[in-house]
Amino acid sequence: MSETAIEFNHVQKIYYLYTSIGFKELLLHPIKYRREKRKRALIAINDITFSVKKGEAFGLTGPNGSGKSTILGLIAGVLKPDRGTIKTNGRIAPLLELGAGFHPELTGRENIVLNSIILGMTKKEVEKKMDEIIEFSELGDFVDQPIRTYSSGMLARLGFSVAVHIDPEILLVDEILAVGDENFQKKCIDKMMSFKKNGVTIVFVSHSTDQVHKICDRVARLEKGKLLSIENA
Ligand SMILES: Nc1ncnc2c1ncn2[C@@H]1O[C@H](COP(=O)(O)OP(=O)(O)OP(=O)(O)O)[C@@H](O)[C@H]1O
Ligand SMILES: [Mg+2]
């Protein structure tokens with residue numbers, strides 16, 4: 001395990017969707033449909049096995065809904081597998097977005113403090129890095145506005161900036177480049193390349209084949225929750 005950063009072993013993740021039922025069904029079967037809602041299982045990822053070596057840059061590609069973000073959530077530990085096992089080795093940079101670590105009513109600055117402390121930094125360390133984080137994010141005065149007022153690109157900037165400033169050993173990047181403007185994309189790619197040089201493990205989700213091939217050593221292709229292939233990039 002020491003050379004391995006991430007290991008998935010026959011992992012399955014199921015989401016339960018609730019579908020409403022008709023009024024007639026409710027009248028005819030009041031007990032059966034007492035809860036008004038029925039659960040339907042959606043297998044988001046199915047029987048996935050792979051491992052990522054320490055220092056490797058691993059790409060995840062596949063159509064919308066194929067399970068890429070679900071895999072990142074499982075690596076980050078914000079989701080739990082229904083079957084199989086996941087092992088990780090090293091400090092993981094968070095996947096910060098609304099609903100996952102970021103609080104909409106707090107300002108950008110307050111969210112930086114909140115998340116850095118949750119991730120184990122002391123208040124002093126956060127204060128020391130604060131200017132650097134804000135500068136990297138290029139949010140300017142907006143950093144003191146509640147983040148519910150941010151555009152998706154601004155949120156991504158904040159998330160990426162916090163993630164790269166906590167000295168991660170495993171960096172998870174979910175399509176940040178899709179929402180960032182050209183300038184910020186370039187900055188993110190440069191940052192990832194320098195992390196790579198320093199031996200940080202990277203899992204990078206992207207729809208851009210160019211970017212995946214530029215950054216990654218190997219690329220996994222997903223489709224409908226199944227792992228189709230893993231190839232050298
Ligand atoms: N919280 C959730 N509740 C129910 N179903 C979900 C949830 N999150 C994801 N899913 C479902 O799980 C499947 C995989 O979703 P996931 O977000 O991992 O896909 P993705 O590959 O990241 O897609 P995209 O390219 O659009 O970001 C999809 O069918 C999606 O509808
Ligand atoms: Mg996704």
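In this predicted model, Lys224 sits in the loop that joins strand 9 (218-223) to strand 10 (226-232). The backbone of Lys224 has a positive phi of about 50°, although the residue is not a glycine. Lys224 counts as partly exposed because 14 C-beta neighbours lie inside 10 Å, and a residue needs 20 or more to be called buried. A second residue with a positive phi is Asp47, where the angle is near 55° and the residue is again something other than glycine. Asp47 belongs to strand 2. With 15 other C-beta atoms within 10 Å, Asp47 is therefore partly exposed.

It helps to place these residues in the whole chain. The chain contains eight helices and 10 strands, and its C-alpha trace spans about 65 × 45 × 35 Å along the principal axes. Of the 233 residues, 36% are buried. Among the contacts with a separation of 6 or more, 70% link residues that are 24 or more positions apart.

One such pairing across the sequence can be followed from helix 6 (residues 176-179), which holds Ala178. Ala178 and Ser206 are 28 residues apart in sequence, and their C-alpha atoms are 7.7 Å apart in space. Ala178 is partly exposed, because 15 C-beta neighbours are found inside 10 Å.

Attention now turns to helix 4. How does its length compare with what is expected? Helix 4 (residues 123-137) has 15 residues and should span 21 Å at 1.5 Å a residue; its end C-alpha atoms are 20 Å apart, so the two values agree. The helix also has a kink of about 45°, centred on Lys129. Just after helix 4, Glu138 takes a positive phi of about 55°.

Which residues of helix 4 are buried? They are Val126, Ile133, Phe136 and Ser137. These buried residues pack against helix 3 (108-118) and helix 5 (152-164). Lys124, also in helix 4, gives a contrasting case: it is exposed, because 8 C-beta neighbours lie inside 10 Å and the limit for an exposed residue is 12 or fewer. Lys124 and Ala5 are 119 residues apart along the chain, and their C-alpha atoms are separated by 29 Å.

The loop between helix 3 and helix 4 includes Gly120. Gly120 is exposed, because 9 other C-beta atoms are within 10 Å. The C-alpha atoms of Gly120 and Ile166 are separated by 8.9 Å, and the two residues are 46 apart along the chain.

Helix 5, one of the packing partners of helix 4, has 13 residues. From its first C-alpha to its last it reaches 18 Å, close to the 18 Å expected at 1.5 Å a residue. Helix 5 is mostly covered, with 11 of its 13 residues buried. Among these buried residues are Met154, Leu155, Leu158, Phe160 and Val164, along with Arg157 and Ser161.

In soluble globular proteins, nonpolar side chains tend to be buried together. In this model, the largest nonpolar core has 58 residues, and those with the most contacts inside it are Ile75, Leu171, Leu172, Ile202, Val203 and Phe204. Helix 5 gives the most to this core, with eight residues. What does Val203 touch, leaving aside its neighbours within four places in sequence? Val203 is in contact with Val52, Phe58, Leu60, Leu72, Ile75 and Leu172.

The last region to consider is the shell around ligand 1. The residues around ligand 1 are Tyr15, Leu17, Leu42, Ala44, Gly62, Asn64, Gly65, Ser66, Gly67, Lys68, Ser69 and Thr70. By character, they divide into four nonpolar, seven polar and one charged. Strand 1 (4-20), strand 2 (37-53) and helix 2 (68-76) each supply at least two residues of this shell. Which of the elements gives the most to the shell? Helix 2 does, with three residues.

Notes
Residues are numbered from 1 along each chain as its sequence is written. Chains are lettered from A and ligands numbered from 1 in the order in which they are written. This is a predicted model: local features need pLDDT of at least 70, side-chain atom pairs count only at pLDDT 80 or more; totals for chains, interfaces and linings use all residues. Helices (H or I, at least four residues) and strands (E, at least two) are DSSP runs, numbered from the N terminus. The expected span of a helix is 1.5 Å times one less than its number of residues. The bend at a residue is the angle between axes fitted to the seven residues ending there and the seven starting there. Two residues are in contact if their C-beta atoms, placed from the backbone, lie within 7 Å. A residue is near a molecule or strand if its C-beta atom, placed from the backbone, lies within 6 Å of it. Ala, Val, Leu, Ile, Met, Phe, Trp, Tyr, Cys and Pro count as nonpolar, Asp, Glu, Lys and Arg as charged, and the others, Gly among them, as polar. A nonpolar core is a set of buried Ala, Val, Leu, Ile, Met, Phe, Trp, Tyr and Cys residues joined through C-beta atoms within 7 Å.
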